[in-house]
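Student: Got a minute to go through this one with me? I'd like to start with how helix crossings are named.

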Amino acid sequence: MSGRPAIVIPMNGTAIAATGLRKAYKDKIVLDGVDLRVQAGTIFALLGPNGAGKTTTVNVLTTLLRPDAGQVLVAGHDVTTQTRAVRAAIGVTGQFASVDDLLTGEENLLMMADLLHLPKAEGRRITRRLLGRFDLAEAAGKPASSYSGGMRRKLDLAMTLVGGPQIIFLDEPTTGLDPRSRRTMWEIIRELVADGTTIFLTTQYLEEADQLADRIAVLDRGRLVAEGTAAQLKRRVPGGHVRLRFADRRALDTAARVLAGSATDEEELTLRVPGDGGVRSLRALLDRLDSHAVEAEELSVHTPDLDDVFLALTGHTDKEIKA
Amino acid sequence: MTGFSATLTDSATMLRRNFRHTLRNPLALFNAVIMPIVLMFLMVHILGGAFSVGVDYADYATPGLIMTTICYGISPTAIAVNSDMTTGFINRLRVMHVSRAAVLNAHVIGTMLRSLVAIALIVGVSFLMGFRPSASFLHWLGAIGIVVLTVLAIGWLTIAFGLAAKSPASAGLIGVPLMLLPFLSSAFVPAEKMGAGARQFAEYQPFTSIIEALRGFLTGAPSASSAVTAIAWCAGTMLVGYVWARASFTKRG
């Protein structure tokens, strides 16, 4: 990304390792024994509702907050005793775009280069390249206050990248963005990890974690309630099924007879058939209906999504906590 | 780069930023100048003729107006510091290992430069309104010294307040007591002419001794006791502001 030499991460390819992380404010426990391990060069998503402790976790991992207990190694350095070495290896984009509104996009980036004590020419070179890469070249000379939400987030991330960090922390990088800007941000994040960067992101969007992350940890009230790939998490939840809707009661009854294990909804004239919704099993299902001369009006496949996972793991939905 | 030279470089970078802020938000400077000018017209031209203070009223009121200029111009500092804190800008700098000294120094120096420009304008206007100081070169240096010390004291206190405040709007509130305090001092009428209670308050509050010290220098008759009290007040306030600001900078985030 920049001209800085890449920092070689020891710890056998582990970029972030945290054990027994605890943090409390007065008598309110925010983190209650969190263990994390993030492989270098991967995207790790910390998923949880508002107030689960996501930002506190990021603040501890990025040296901004001292944990009450537990050990954290980031890029092989202890966050409490080797603050400087950790800071040299990481970049952080906070929950709110912390760009300077009165400066232009270009001036914001040049200011970062100056604070990193990069030579002037190199600072200008990196700035030009980041502006181009994030589609901000045209707006480079305009004050950041005139930028849209998506542009501000991009500038914010570009500012984080000036120093060429090895590990990037993104605290809710797409909260408040419109769907299109969110997709752009996802593409940028995927490109970063393709360059070999490690990404630690927090999100309250299940879809975002599903789309981006190699591994997902679910944080709920200061505790990790699950950790794994999106597929592993989904497997912990039953509920994949195919839904068939029929034109009349007669067709529904016939279908219910031939398809074992199905459940009927007589009012809606629908049939719920357990299954993973794969092409092969779908074909078999339709063939079977065909051979009994039953035709379905409508067919839809339901795979369990992370919302189901969240509900199954925590016993409450995201919305309940927010309320 | 050693720690000290890194702090110097970073202070310069941050100061450049604050300087751009002032240029692009000229309203902040305008506010600092326009109210004291209105006040000057009001006090010197309209009300002043009725006050009997023993000397020409323009000469009497100018030191107080210099103080109100500092106070009217201070809110932007509190708001700027607080926005840096609440938008996560300071966290960004902390993760980049930029020293807090660089961030805070830049705000102090920026405030100082803005105040001095505003004060220069105000003094220019008071000359037009009949201000005739009888200060020698050394007296002028003493007057400038008092002004610089006052800006440092109020500046550090404001920065601390801005860091500790919950939102930019509440940070800006520090301007309110600061704008009122000079009126409850000997800025516009001598304390001994005030009613009971107000008189005692005016006699002992910091602005009175600071204004008396400044007035002493500008009229060419410096008062050692006022100067010593003024310096003590400024040094004390500065120390409180500085310690408070450092603590808030580290704690928040």
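Tutor: Sure. A crossing is right-handed if the near helix is turned clockwise from the far one by less than a right angle, and left-handed if anticlockwise. Keep in mind that this is a predicted model.

Student: OK, so which hand is the crossing of α2(B) and α6(B)?

Tutor: Right-handed, as α2(B) passes α6(B).

Student: And which residues make that contact?

Tutor: From α2(B) you have Leu29(B), Ala32(B), Val33(B), Pro36(B), Ile37(B) and Met40(B), while α6(B) brings residues including Arg114(B), Val117(B) and Leu121(B). By class, that contact has eleven nonpolar, one polar and one charged residues.

Student: What's the angle between them?

Tutor: About 25°, with the axes 10 Å apart. Angles under 35 degrees count as roughly parallel, so α2(B) and α6(B) are roughly parallel to each other.

Student: Switching to the chain A sheet: what's the strand order?

Tutor: β6-β7-β8-β3-β9-β10, an open sheet with mixed pairing. The edges are β6 (90-93) and β10 (223-228) of chain A.

Student: How do β3(A) and β8(A) pair, parallel or antiparallel?

Tutor: Parallel, over five bridges. One of the partners is easy to find: Leu47(A) bridges to Thr203(A) in β8(A).

Student: Which strands does α7(A) lie across?

Tutor: Helix α7 (residues 179-194) of chain A lies across β3, β7 and β8, and runs at about 150° to β8(A).

Student: Last one: how many residues does each chain put into the A–B contact?

Tutor: Chain B gives 22 and chain A gives 20. On the chain B side, α1(B) gives the most, with eight residues.

Notes: Residues numbered from 1 in each chain as written. Chains lettered and ligands numbered in written order. Predicted model: local features only at pLDDT ≥ 70, side-chain atom pairs only at ≥ 80, totals over all residues. Axes fitted to C-alpha atoms, helices over the stretch in contact; angles between N-to-C directions. Helix = DSSP H or I, 4+ residues; strand = E, 2+ residues; numbered from the N terminus. Parallel < 35°, antiparallel > 145°, perpendicular 65-115°, else oblique. Contact = placed C-beta atoms within 7 Å. Nonpolar A, V, L, I, M, F, W, Y, C, P; charged D, E, K, R; others polar. Pairing = 2+ DSSP bridges.
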